[in-house]
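Visitor: Hi, I've just opened this one and I'm new to it. Can you walk me through what I'm looking at?

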Amino acid sequence: MSNKQQAGQSVDQSTHFEVERFLVQEARALDEERFDDWLGNMLCKDINYQLPTQEVRYRRDNKVLGNSQTTYLYNDDYGMLSMRVARMATGIVWAEDPRVRNRRIISNIDAQWSEADDEIDVRSAFILFRSRMQRDQATHYGIRMDKLRKEKGNWKLASRVITLDQRVVLDKNIHCFF
């Protein structure tokens with residue numbers, strides 16, 4: 001990070017465009033089920049990919065929750081993501097047969113320089129529409145807090161924390177990548 005780039009400061013227009021292109025290309029790779037491309041070319045080897053659960057509480061409930069989130073739907077590293085991708089390649093994942101059609105829409109992209117050199121903190125909103133069979137459909141809405149890192153001149157995903165807006169997930173499965 002140069003003197004002009006301070007942590008928490010919005011990235012310049014050119015860098016924002018690169019970040020936006022990366023997120024769009026990632027969404028397309030996932031929509032097209034190019035999971036090996038996603039895993040091998042778009043993720044850092046030390047990635048942390050999380051979908052924590054959320055506690056639903058009234059505003060007046062002031063009890064302290066503690067400092068650590070312990071329950072996750074996903075809390076994957078590169079090895080676990082590799083196993084999930086390999087499992088998808090077997091063709092015997094019942095939740096994906098017949099094929100689930102996924103469509104990701106990424107929006108409200110806000111990118112800021114991170115504390116570390118060559119890293120950017122990115123917040124984006126998403127819609128993930130999933131359709132299987134004739135009437136089996138689900139739509140997920142949420143935000144993603146990503147950390148992108150530049151490796152060998154290319155942006156890669158170093159971490160992702162997904163927050164779903166739904167209080168209760170009504171999808172039959174969330175065997176997908178957000």
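Visitor: Let's start somewhere specific. Where is asparagine 41 found?
Guide: Asparagine 41 is found in helix α2. Keep in mind that this is a predicted model.

Visitor: Okay. Is asparagine 41 buried, exposed or partly exposed?
Guide: Asparagine 41 counts as partly exposed, because its relative accessibility is 49% and exposed would mean over 50%.

Visitor: And what does asparagine 41 touch, leaving out residues up to four places away in sequence?
Guide: With those set aside, asparagine 41 touches Asp36 and Lys156.

Visitor: How far is asparagine 41 from aspartate 76?
Guide: Their C-alpha atoms are separated by 17 Å, and the two residues are 35 apart along the chain.

Visitor: Let me zoom out. How many helices and strands does the protein chain have?
Guide: The protein chain has three helices and six strands. Starting at the N terminus, the order is α-α-β-β-α-β-β-β-β.

Visitor: What about its overall size?
Guide: The C-alpha atoms fill a box of roughly 55 × 45 × 30 Å along the principal axes. The radius of gyration is 17 Å, which agrees with the value near 16 Å for a compact globule of 178 residues.

Visitor: How much of the chain is buried?
Guide: Buried residues account for 39% of the 178 residues. As for the outside, the accessible surface is about 11,100 Å², and 48% of that surface belongs to carbon and sulfur atoms.

Visitor: What share of the contacts join residues at least 24 apart?
Guide: Taking contacts between residues at least 6 apart in sequence, 63% join residues at least 24 apart.

Visitor: Do you have an example of two residues that are far along the chain from each other?
Guide: Try valine 93 and histidine 175: they are 82 residues apart in sequence, and their C-alpha atoms are 9.4 Å apart in space. Valine 93 is in contact with His175, and also with Arg87 and Met88, once neighbours within four places in sequence are left aside.

Visitor: Where does valine 93 sit, then?
Guide: Valine 93 is in the loop between α3 (78-89) and β3. Even so, valine 93 counts as buried, because its relative accessibility is 4% and the cut-off for buried is under 20%.

Visitor: Switching topic: how many positive and negative side chains are there?
Guide: There are 28 positive and 27 negative side chains in the protein chain, with the centres of the two sets 5 Å apart.

Visitor: Can we look at some of the aspartates? I'd like to begin with aspartate 171.
Guide: Sure. Aspartate 171 is in the segment after β6 (154-164). With a relative accessible area of 15%, aspartate 171 is buried.

Visitor: Which residues does aspartate 171 touch, not counting those up to four places away in sequence?
Guide: Aspartate 171 touches Arg130, Ala138 and His140. Threonine 139 is 32 residues away from aspartate 171 in sequence, with 8.0 Å between their C-alpha atoms.

Visitor: And aspartate 136?
Guide: Aspartate 136 is found in strand β5 (residues 136-151). Aspartate 136 counts as buried because its relative accessibility is 16%. Leaving aside neighbours within four places in sequence, aspartate 136 is in contact with Arg130, Ser131 and Lys172.

Visitor: What is phi for aspartate 118?
Guide: Aspartate 118 has a positive phi of about 60 degrees, although it is not a glycine. Aspartate 118 lies in the loop between β3 (101-113) and β4 (119-132), and at 46% relative accessibility aspartate 118 counts as partly exposed.

Visitor: What about glutamate 33, how does its phi look?
Guide: Phi of glutamate 33 is near 60 degrees, again a positive value in a residue other than glycine. Glutamate 33 is in the loop between α1 (13-31) and α2 (35-42). At 29% relative accessibility, glutamate 33 counts as partly exposed.

Visitor: One more topic, cysteines. Is cysteine 44 buried or exposed?
Guide: Cysteine 44 counts as buried, because its relative accessibility is 0%. Cysteine 176 counts as buried too, at 4% relative accessibility.

Visitor: How many disulfides are there?
Guide: The count comes to zero disulfides, going by whether a pair of cysteine sulfur atoms lies within 2.5 Å.

Visitor: Remind me, what is a disulfide?
Guide: A disulfide is a covalent bond that links the sulfur atoms of two cysteines.

How values were computed:
Residues numbered from 1 in each chain as written. Predicted model: local features only at pLDDT ≥ 70, side-chain atom pairs only at ≥ 80, totals over all residues. Heavy atoms only, no water. Helix = DSSP H or I, 4+ residues; strand = E, 2+ residues; numbered from the N terminus. Rg over C-alpha atoms; globule rule 2.2 N^0.38 Å. Buried < 20%, exposed > 50% of the residue type's maximum accessible area, 1.4 Å probe, protein only. Contact = heavy atoms within 4.5 Å. Areas by Shrake-Rupley, 256 points an atom, 1.4 Å probe, with all protein chains shown as cover. Lys, Arg positive; Asp, Glu negative; His and termini not counted. Charge placed at Lys NZ, Arg CZ, Asp CG, Glu CD.
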